[in-house]
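Student: Hi, could you go through this one with me? I'd like to start with the pockets.
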Amino acid sequence: MLGFNSIQAHIFYLAQEATAATDATGGADFYTFANQLLNGVGIVGVLLLTGLGLAITFGVMRIINLAHGEFIMLGAYVTFLMQSLFQMDLLLTIPFAFLGTALIGALTELTVIRRLYGRPLETLLATWGLSIVIQGVVKLIFSAQLKYVKSPPYISGNLSVITGQDGTPLVSISYYRMFIIAVALLMLGITLYLLYQTPLGRQVRAVAQNREMAKCLGVNTSLIDLLTFAYGCGLAGIAGAVISSLKSVSPPMGQDYLVDAWMVVVTGGVDKLIGVLAGSFLIGEANAAIAFMLNDPVARVIVLAAVIVLIRYRPEGLFTVQKRA
Amino acid sequence: MADSRSPLVRFGRIGRRKFIKYGSLAVGAGVLSACTRGGGETTTSSATGTGSASSGDAIKVGVMYSTTGTIAIVEKSLQDATFLAIEQINQGTGPWQGKQGVAGKQIEMVVVNPDSNWDLYNQMSKRLIDEDQVSCVLGCYTSASRKSVLPVFEEKDAILYYPVYYEGNECSSNVFYTGAAPNQQITDSIPYCYENFGPKGFFIGSDYIYPKESNRIAKAELENQGGQVVGDEYAALGTTEFITIINKIKQAKPDFVLSNLVGDSIPAFYRQFKDAGITPDQIPIMAYPTTEEEIQAMGPEYAEGHYSSFNYFQTVDTPENKAFVEQFKAKFGDNRVTNGVMEAAYLQTFFMAQAMEQVLEAGEEITTATLREATRGQEFNAPQGKVKIDPDNYHTYLYSRIGRWQADGQAEIVFATPSAVKPIPWSQALYKGRLCVHPAPDDRSDPTEETGNDLPVEYLES
């Protein structure tokens, strides 16, 4: 009880500190809050993009992939490499980031994951080890220094949604954030199409639902596993490429996204891809709103705690159809 | 049917032998990776440069910087600068021209990697002192790591050379501080902001001891000037999402932002600041931890027009600096830049070598007591200009400079003191008149002195 009280007191203290700061600024008005909610959409874009790959590897394949963050990092490094070798535009590097990380993902599937199907604990350990290996290798090749990725110059500036009387933008969002959201939604759309409208997607779903039966019906399950995992990793690579120019590129960067991606996938539920969209929207906006009222570190604590409570009462996530046992 | 999905069935089919085989593979992967990461066990001992150090005759020096983990980005470059200095001392090049080694002895480095983990700094410093029996240690970057090793150095009475600007309010008989004290960085930059940008400041920082203390001192300084802090926000170490903080900055409409963000948060913040449509003309950023290195990583176009306050910039115009930049690039590559913390890591190695030389030439043994007395008052023509260890408080006389970032990623120096400023470890805005004077010879008694008066600004005579 004592411990709980002291945590509560600590949160209260942090909240006090934050309110004092907001008071000094003259209080929050409507436009700033609207701006913050719109900015939250910017966070949603990043979350959706980073969570999508995990929704494939965990949601469809049930592989607990703790190296997901490192595949995002690899995507960012492919972009960096393409830019420094060939002075390529960021948009042009996206396919390379996809192919590069998908290739490494395929190698991982062949050498590690394949041998551990159906053993979640070992997979967890192996992918965790893998994440450290990838970080170490990248550090050896590229050194620990932060890397510079050039953003596309034609996607800059802000879109004003509401403009004040004197022409100053009151509620605005940057074009690059919108670009991230667009890419995320596009990738979600492509994934949905592949999964539900193509013969390949039908096979993927069949393997996910009943591997033995699918095998009996002549599906090459090991090939499907390979392709699905590589595709999930490729999506992570695209995320890395796109966010690299807005954030920092360094070997440990993936760790930051891993936790967020997991929160998104777990909250949204793993059975329906659309759950990722819902999960990232909920977490992104909750984060933005709480961070605005209190501050960033507190918002993270509250959102994480909320996700833990959610998992306790709805372990299958918010958007899962009730299944018969 | 449902059973065929259960992992247990597959598990059962894999024989015991296979289970052991694959299980050990997984564990092996984990162990292998833990080693790659540094995990506390990567101690490499190496004599650099000529490598001809005859083992019995070499002077052992500990070098403790993280080359893995979140802080590695910065600490690796400090380690590089230290390696360069020790190579020059052992080979007799650079500032050590005409000599070879320290009074004929080579310096042997014992390099440890604490993996950006504060507890490991503590353990590794114990190990350096007890097992490797080094004469002194060069190392640490964050205040958290310094606070973690301080009790070790004090208890075992060993010496640490610490090369980083820090929040002050500390004065140990076992640490030589060669980075800026608050009065060499904050005390000049806050009045500069007040006069050139305006009275309203928005303070941000990473969420740990240095940014919070540093911002507390800066707040006191700004309020002394008649200014006001209109916002105070912290982000967890390693955060790269700044959309909320930037929105709060927009709302508060400050005249300037004071940034004490560190590490990989820096490029992310500057990029998103510009991406949100705020120009340096509207709200300039004054920063302490933002150096040439981070500017290079974010791309100079994002920093152009913003400011940093530091003792050293790569553009400082001295012959020593020209040589330093040239030698550094020759050793580590043409695309590398030098910055203030690296310069401090470089110059403190020479302070150490000069002190050791003095001890040996006087025919004495290098012990903590002799090294400490010899280091007090050492002078060195560093890249930033002539600097000196203050014999009273073990901090360093350093230049105070403010640079405005240019399109090429280098700083135009817009403010500089005429010569090195005497360090005052205690922030005078918070602790008026508090001084630190170690007795000579140092008996490790409490060095704090309360004068209650305003302390005059003193400069090093050049």
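Student: Which helix of chain A gives the most to the lining of the second largest pocket?

Tutor: That is helix 10 of chain A, with six residues. Helices (H or I, at least four residues) and strands (E, at least two) are DSSP runs, numbered from the N terminus. A pocket is an open set of points on a 1 Å grid over the protein atoms alone, with protein on both sides within 12 Å along at least five of seven lines; a cavity is a set where a 1.4 Å probe fits but cannot get out, and lining residues have an atom within 4 Å of a point.

Student: Any ground rules for reading this?

Tutor: This is a predicted model, where local features need pLDDT of at least 70 and side-chain atom pairs count only at pLDDT 80 or more, while totals for chains, interfaces and linings use all residues. Residues are numbered from 1 along each chain as its sequence is written, chains are lettered from A and ligands numbered from 1 in the order in which they are written, and side-chain values use heavy atoms, leaving out hydrogens and water.

Student: Back to the second largest pocket: how much space lies in it?

Tutor: About 690 Å³, where the volume is the space filled by probe spheres set on the grid points, which are joined across faces, edges and corners. The lining has 30 residues, and A:Asp256, A:Arg300, B:Gly238, B:Thr239 and B:Thr240 are the closest to the centre of the pocket. Two or more lining residues come from each of helix 2 (30-60), helix 10 (253-268), helix 11 (274-293) and helix 12 (296-313) of chain A.

Student: And how do the residues of that lining divide into nonpolar, polar and charged?

Tutor: There are 13 nonpolar, nine polar and eight charged residues in the lining of the second largest pocket. Here Ala, Val, Leu, Ile, Met, Phe, Trp, Tyr, Cys and Pro count as nonpolar, Asp, Glu, Lys and Arg as charged, and the others, Gly among them, as polar.

Student: Now cavities. How many of 30 Å³ or more does a search of the whole structure find?

Tutor: Seven. The largest cavity has a volume of about 140 Å³. Among its 14 lining residues, those closest to the centre are A:Asn39, A:Arg177, B:Ile243, B:Gln272 and B:Ala276. Helix 2 and strand 2 (169-174) of chain A, along with helix 9 (243-252) and helix 10 (265-275) of chain B, each give two or more residues to this lining. Helix 9 of chain B has the largest share, four residues. By class, the lining of the largest cavity has four nonpolar, seven polar and three charged residues.

Student: Let's pick A:Asn39. Is it buried or exposed?

Tutor: A:Asn39 counts as buried because its relative accessibility is 8%; buried means under 20% relative accessible area, exposed over 50%, and partly exposed in between (1.4 Å probe, protein chains only). A:Asn39 belongs to helix 2 of chain A. Beyond four places in sequence, A:Asn39 is in contact (heavy atoms within 4.5 Å) with A:Ser172, B:Ile243 and B:Asn247.

Student: Why is helix 10 of chain B largely enclosed?

Tutor: Because 10 of its 11 residues are buried, helix 10 of chain B is largely enclosed by the rest of the structure. The buried ones include B:Phe269, B:Tyr270, B:Arg271 and B:Gln272. After helix 10 of chain B comes B:Gly277, with a positive phi near 85°.

Student: What about B:Pro425, where is that found?

Tutor: In the loop between strand 16 (411-416) and strand 17 (434-436) of chain B. B:Pro425 is buried, at 1% relative accessibility. B:Pro425 and B:Ala181 are 244 residues apart along the chain, yet their C-alpha atoms are separated by 5.6 Å. Contacts of B:Pro425 beyond four places in sequence include B:Ala181, B:Asn393, B:His395 and B:Cys436.

Student: Quick one on chain A: what does its secondary structure come to?

Tutor: Chain A has 12 helices and two strands, and 54% of its 325 residues count as buried.

Student: Last thing: what is the mean pLDDT of chain B?

Tutor: It is 84, with 88% of the residues of chain B at 70 or more; pLDDT is the predictor's confidence in each residue, from 0 to 100. Residues 1-14 of chain B have pLDDT below 50. Residues 30-55 of chain B also stay under 50, and the model has 45 contacts beyond four places in sequence for them. Where pLDDT is low, the predicted coordinates should not be read in detail.
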